[in-house]
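The exercises below are meant to be worked with the sequence and the coordinates open side by side. Each task is followed by a solution that goes step by step.

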Amino acid sequence: MATAAAASLVADASNGSTTYDRMKAIKEFDEAKIGVKGLSDSGADTIPEYFRHPQSSLSDLKPVRTSTAKGIPVIDLSSLNDLAQRPKIVQQVKDAAKTWGFFQVVNHGVPTSVLDSTLEAVKNFHELPQEVKSKYYKRQELGGVAYTSNNDLYRSSAASWHDYIQAWLSPVPLNEEDLPEVCRKEVVAWNGHVKGVGEAVMEVLSEGLGLDKGKFKELSFPDIRLFVGSYYPYCPQSDLTLGLTSHTDPGVVTVLLPNEVKGLQIRHDGEWVEIEPVPGRLIVNVGDLLQIVSNGEYSSVEHRVVANGSKEPRVSAIVFFNLYRWREGDVYGPLPELVSAERPAIYRDFTKEEFNSNFYSKGLDSKSLVDKIKIVN
Ligand SMILES: O=C(O)CCC(=O)C(=O)O
Ligand SMILES: [Fe+2]
């Protein structure tokens, strides 16, 4: 789309008219397939109205603490296979997953060159000419590869200032040819490496619950993987919107690689804490499903990304381990091994259909399944 047309999308949407048709404006944005990168590139100095978040979500945009001040734990995985050292790492991971729901890992085995080229490739994809990139634009999440902006665009109360490309990696193996050439080799390499990190972390998390390290594998948890390459372009009114609205991740574990532009904040003790990006580190967090199966031992913590007010784009490469594509008939709930008279189940069991419909029927920021299935005595 020509830049002038993109600018008119912005102007139309923020003219303050009382006849403003929000849904129509959203649809036009969606159909233009330009993403927020297209809006940003138009040079407009305002954002469309449907990107404006309520004041209540914007009042505390500045984090009160940074991870360097009081630590989101940094865990060294280098001696994971040393039997004498492993219990210490298990304890660290367990504590972090319980207290913070987030931790960072170093010496995770992914070469720096792979980290760098993954981020570069995600950036290069998003910076392709509109007409090339828009061929990948899709709204339905039906597997394979898709580029889009705001997966909950039509459901959320306010859109967020980011675009992403996603690729299902498993259980249906990714057809590499479906990936845009500009990031094909890099996404495949990243997938190869991050799979090992996620699986190793899940083994440790399993041990932290006193379970066999293969327990999550047995439950087929590592099998379902989704790659997401996010792009947060410059936002001309970064104090009026968010890069990604506050949410919890629905799956088991998320492994995230950010570039050097700040933005990710997590909720801790009622405050927003920034995770300062440090090259070489990967960020791991607990998702809803893990909070549930662990019977609340581990915490799926709210997080968000503030809108990017800097000219340098924020880029992240993420792999979600186990979201919502289970085997037919699967029912999940707190693992029986973790339920006892002293520690009764705090969640009821639920089905795949319930999990799916909860995810697809709501905006990212609304009530998660965790709250819905909580047993209230
Ligand atoms: O890009 C980031 O740093 C966070 C993204 C995120 O939380 C998500 O996609 O679920
Ligand atoms: Fe997330």
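**Exercise 1: the metal site**

Identify the residues that coordinate the iron ion (ligand 2), and describe how they are placed in the sequence.

Step 1. In this predicted model, the iron ion (ligand 2) is held by the NE2 atom of His247, an OD atom of Asp249 and the NE2 atom of His303, at 2.1 to 2.2 Å.

Step 2. Read along the sequence, these donor residues follow the spacing H-x1-D-x53-H. Asp249 belongs to the loop between strand 7 (242-247) and strand 8 (253-258), whereas His303 belongs to strand 12 (residues 303-306), so the pair ties together parts of the chain that are 54 residues apart in sequence.

Step 3. With the cut-off for burial set at under 20% relative accessible area, Asp249 is buried because its value is 5%, and His303 is buried because its value is 6%.

**Exercise 2: the chain and its nonpolar cores**

Describe the overall make-up of the chain, and then find which residues touch the most other members of its largest nonpolar core.

Step 1. The chain has 12 helices and 15 strands, and 55% of its 377 residues count as buried. Among contacts between residues at least 6 apart in sequence, 78% join residues that are at least 24 apart.

Step 2. The largest nonpolar core has 66 residues, and those that touch the most other members are Trp190, Leu205, Phe216, Phe227, Val253, Leu282 and Leu290. Helix 8 (residues 184-208) supplies the largest share of this core, 8 residues.

Step 3. Another core, of 20 residues, lies apart from it and has Trp100, Ile266, Ile275 and Val305 among its members.

Step 4. To see the surroundings of one core residue, take Phe216: leaving aside residues up to four places away in sequence, Phe216 touches Met202, Leu205, Ser206, Leu209, Phe221, Pro222, Leu290 and Leu335. Lys215 lies in helix 9 (residues 215-218) and counts as buried at 12% relative accessibility; with the same sequence neighbours left out, Lys215 touches Ser206, Leu335 and Glu337.

**Exercise 3: two packings against helix 8**

Determine how helix 6 and helix 5 are each oriented relative to helix 8, and which residues make the contacts.

Step 1. Two packed helices are described by the angle between their axes and the distance between the axes. For helix 6 (residues 112-126) and helix 8, the angle is about 135° and the axes are 9 Å apart.

Step 2. Angles of 65 to 115 degrees count as roughly perpendicular and those over 145 as roughly antiparallel, and helix 6 and helix 8 are therefore oblique to each other. Their crossing is left-handed.

Step 3. On the helix 6 side the contact involves Val114, Leu115, Ser117, Thr118 and Ala121, which meet Glu186, Ala189, Trp190 and His193 of helix 8.

Step 4. The axes of helix 5 (residues 86-99) and helix 8 come within 9 Å and cross at roughly 85°, which makes helix 5 roughly perpendicular to helix 8. Here Arg86, Ile89, Val90, Val93, Lys94 and Ala97 of helix 5 make the contact with Glu203, Val204, Leu205, Glu207 and Gly208 of helix 8.

**Exercise 4: the setting of Phe125**

Is Phe125 buried or exposed, and which residues does Phe125 touch?

Step 1. Phe125 lies in helix 6 and is buried, with a relative accessible area of 0%.

Step 2. Not counting residues up to four places away in sequence, Phe125 touches Lys133, Tyr136, Tyr147, Ile165, Pro180, Val182 and Cys183. Of these contacts, the one with Tyr147 joins residues that are 22 apart in sequence, with 9.6 Å between their C-alpha atoms.

**Exercise 5: backbone exceptions**

Locate a cis peptide bond and two residues with positive phi that are not glycine.

Step 1. Most residues other than glycine have a negative phi, and most peptide bonds are trans.

Step 2. The peptide bond from Ser170 to Pro171 is cis, with omega near 15°, and Pro171 is placed in the loop between strand 5 (163-170) and helix 8.

Step 3. Lys33, with a positive phi of about 55°, is found in the loop between helix 2 (22-32) and helix 3 (35-41), and Lys33 counts as partly exposed at 35% relative accessibility.

Step 4. Asn150, with a positive phi of about 60°, lies in the loop between strand 4 (145-148) and strand 5, and Asn150 counts as buried at 2% relative accessibility.

Methods:
Residues are numbered from 1 along each chain as its sequence is written. Chains are lettered from A and ligands numbered from 1 in the order in which they are written. This is a predicted model: local features need pLDDT of at least 70, side-chain atom pairs count only at pLDDT 80 or more; totals for chains, interfaces and linings use all residues. Side-chain values use heavy atoms; hydrogens and water are left out. Donors are N, O and S atoms within 2.8 Å of the metal (3.2 Å for Na, K and Ca); water is not among the atoms, so sites may look incomplete. Helices (H or I, at least four residues) and strands (E, at least two) are DSSP runs, numbered from the N terminus. Buried means under 20% relative accessible area, exposed over 50%, partly exposed in between (1.4 Å probe, protein chains only). A nonpolar core is a set of buried Ala, Val, Leu, Ile, Met, Phe, Trp, Tyr and Cys residues joined through side-chain atoms within 4.5 Å. Contact means heavy atoms within 4.5 Å. Axes are lines fitted to C-alpha atoms, for helices over the stretch in contact, and angles run from 0 to 180 degrees between N-to-C directions. Angles under 35 degrees count as roughly parallel, over 145 as roughly antiparallel, 65 to 115 as roughly perpendicular and the rest as oblique. A crossing is left-handed if the near helix is turned anticlockwise from the far one by less than a right angle, and right-handed if clockwise.
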